[in-house]
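Reader: I would like a close look at one part of this chain, namely how its strands are joined to one another. Please take me through that part with care, and then place it in the chain as a whole.

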Amino acid sequence: MENVRVGTSGWSYDHWKEVFYPKNLPTPERLSFYTRNFDTVELNSSFYHLPLESTFEKWRAATPYGFLFAVKGS
């Protein structure tokens with residue numbers, strides 16, 4: 001059987017507050033919370049500009065082993 005991953009196109013949306021994210025969740029903790037519900041995410045921002053290597057490292061450190069980032073290219 002194929003492995004199916006479910007995610008969204010991004011994780012840092014203010015309009016998700018109190019809909020998906022708890023009311024008092026600090027913005028820097030959104031990715032960590034997101035990974036408790038999904039195992040992949042599409043990076044929309046990479047379509048417009050490639051994030052710094054340090055940004056990728058920060059995201060990797062905030063996610064569990066096996067979490068998948070789908071990097072959108074322009």
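**The strands and their pairing**

Author: The model is a predicted one, and the chain in it has 2 helices and 3 strands, which follow one another along the sequence in the pattern β-α-β-α-β. Strand β2, residues 40-43, is a good place to begin, since it is joined by bridges to β1 and also to β3. Towards β1, which covers residues 7-8, there are 2 bridges, and the two strands run parallel; within this pairing, Thr-8 has Val-41 of β2 as its bridge partner. Towards β3, which covers residues 68-71, there are 4 bridges, and here too the strands run parallel; in this pairing Glu-42 stands opposite Ala-70 of β3.

The link from β2 to β3 involves helix α2, residues 53-61, and these three elements make a right-handed β-α-β unit.

As for the chain around these strands, its C-alpha trace spans about 35 × 30 × 20 Å along the principal axes, and buried residues make up 24% of its 74 residues. Of the contacts in the chain with a separation of 6 or more, 64% are between residues 24 or more positions apart. The accessible surface comes to about 5,500 Å², with 55% of that area belonging to carbon and sulfur atoms. The chain carries 8 positive and 8 negative charges, and the mean positions of these two sets are 5 Å apart.

Conventions: Residues are numbered from 1 along each chain as its sequence is written. This is a predicted model: local features need pLDDT of at least 70, side-chain atom pairs count only at pLDDT 80 or more; totals for chains, interfaces and linings use all residues. Side-chain values use heavy atoms; hydrogens and water are left out. Two strands pair if DSSP finds at least two bridges between them. A crossover is right-handed if, with the strands pointing away from the viewer, the path from the first strand over the helix to the second runs clockwise. Buried means under 20% relative accessible area, exposed over 50%, partly exposed in between (1.4 Å probe, protein chains only). Contact means heavy atoms within 4.5 Å. Accessible areas come from the Shrake-Rupley method with a 1.4 Å probe; for residues, only the protein chains shown count as cover. Lys and Arg count as positive and Asp and Glu as negative; His and the chain ends are not counted. The place of a charge is taken as NZ of Lys, CZ of Arg, CG of Asp or CD of Glu.
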